[in-house]
Amino acid sequence: IDISTLPHLLICGSTGSGKSVCLNNIISSLLLTNESMALKFIMIDPKQVELAPYDELTNFLSVPVITNTYKAATVLWSLCRRMDQIYSEIRSKGCKNIDEYNSKCKIKLQRMVVVIDELADLMIKHKKEVEPSIIRLAQMGRACGIHLILSTQRPSREVVTGLLKVNIPAKICFKVPSAVNSRVVLETAGAEKLLGN
């Protein structure tokens with residue numbers, strides 16, 4: 001799937017269902033098919049272990065992998081400000097989106113992929129600070145090349161809110177504990193009956 005048509009993704013699944021393997025495959029695919037000049041990552045990993053290996057890929061990271069939830073809230077807010085600057089730059093050249101801008105201009109704008117490994121930790125600890133930034137990035141990020149990949153093992157209505165879900169069109173759901181969790185992600189039961197990995 002071309003990331004520009006995705007443009008955001010929600011991955012849910014209980015522990016051991018294959019969620020982390022899927023997330024790592026997506027990241028690896030993006031690393032293999034893009035140059036560091038064209039794509040940068042912002043990785044947020046409150047669990048501190050899942051995304052740690054990517055810390056070595058300094059040429060692809062905007063900042064080192066973020067494990068502190070306070071810093072994550074600040075970085076997401078800063079990214080919203082950066083998004084406004086990108087929109088101003090795109091508009092100043094009479095363009096509608098990043099692809100049109102990059103086809104016209106010599107100095108290219110980079111796409112940015114924000115990977116959040118455990119969304120629940122951020123939403124539980126800093127919902128007021130984090131949720132508005134994530135929703136704004138989901139609503140407006142596509143045209144300026146900012147993409148979200150959100151992952152959680154606790155797909156409850158407190159974590160995957162209605163406004164967030166509406167703005168993230170692509171969803172992958174592995175096995176979840178209950179039909180309620182499945183409905184939160186997919187709007188239908190069924191993921192609770194999956195066989196796991």
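Start by selecting Ile-11 and Ser-151: Ser-151 in strand 4 is the bridge partner of Ile-11. Keep in mind as you click around that this is a predicted model.

**Stop 1: strand 1**

Widen the selection to strand 1, residues 9–12. Toward strand 4 you'll find four bridges, with the two strands running parallel. Now swing over to strand 5: strand 1 pairs with strand 5 through four bridges too, again in the parallel sense. To land on that pairing, pick Cys-12 and look for its bridge partner in strand 5, Cys-173.

While strand 1 is up, show its side chains. Which residues cover its two faces? Leu-9 and Ile-11 are on one side, Leu-10 and Cys-12 on the other, and all of them are buried. That fits the usual pattern, as side chains in a regular strand alternate between the two faces of the sheet.

**Stop 2: the whole sheet**

Zoom out and colour the strands. You're looking at an open sheet of five strands, ordered 2-3-4-1-5, with parallel pairing. The edges are strand 2 (39–44) and strand 5 (170–173), each of which pairs on one side only. Turn the view along the sheet and check the twist: neighbouring strands are turned by 15° against each other on average, direction ignored.

Next, select strand 3 (residues 111–116) together with strand 4 (residues 146–152): five bridges join this parallel pair. A handy marker here is Met-112, which stands opposite Ile-146 in strand 4.

**Stop 3: helix 4 and His-126**

Add helix 4, residues 119–140. What does this helix lie across? Strand 2, strand 3 and strand 4, and it runs at about 155° to strand 4.

Stay on helix 4 and pick out His-126. Is His-126 buried or exposed? Its relative accessible area is 8%, so His-126 counts as buried. Show the side chain of Thr-69 as well, and you can draw a polar contact of 2.9 Å between the side chains of His-126 and Thr-69. Leaving aside residues up to four places away in sequence, His-126 touches Thr-69, Tyr-70 and Glu-131.

**Stop 4: helix 6 and Asn-181**

Jump to helix 6 (residues 179–186) and select Asn-181. With a relative accessible area of 14%, Asn-181 is under the 20% cut-off and is therefore buried. Which residues does Asn-181 touch, not counting those up to four places away in sequence? Pro-155 and Val-176. Look at the Pro-155 side of that with the backbone switched on: the backbone oxygen of Pro-155 lies 3.3 Å from a polar atom of the Asn-181 side chain.

**Stop 5: two positive phi angles**

Carry on past helix 6 into the segment that follows, and select Glu-187. Its phi is positive, about 70°, although Glu-187 is not a glycine. Glu-187 has a relative accessible area of 57%, so it is exposed.

For the last selection, go to the loop between strand 2 and helix 2 (69–92), and click on Gln-48. What is the phi of Gln-48? Positive, at about 70°, and Gln-48 is not a glycine either. At 52% relative accessibility, Gln-48 is over the 50% cut-off, so this residue counts as exposed.

Terms used:
Residues are numbered from 1 along each chain as its sequence is written. This is a predicted model: local features need pLDDT of at least 70, side-chain atom pairs count only at pLDDT 80 or more; totals for chains, interfaces and linings use all residues. Side-chain values use heavy atoms; hydrogens and water are left out. Two strands pair if DSSP finds at least two bridges between them. Axes are lines fitted to C-alpha atoms, for helices over the stretch in contact, and angles run from 0 to 180 degrees between N-to-C directions. Contact means heavy atoms within 4.5 Å. Buried means under 20% relative accessible area, exposed over 50%, partly exposed in between (1.4 Å probe, protein chains only). A polar contact is a pair of N or O atoms within 3.5 Å; within protein, one must be able to donate a hydrogen and the other to accept it, and residues adjacent in sequence count only if both atoms are side-chain atoms.
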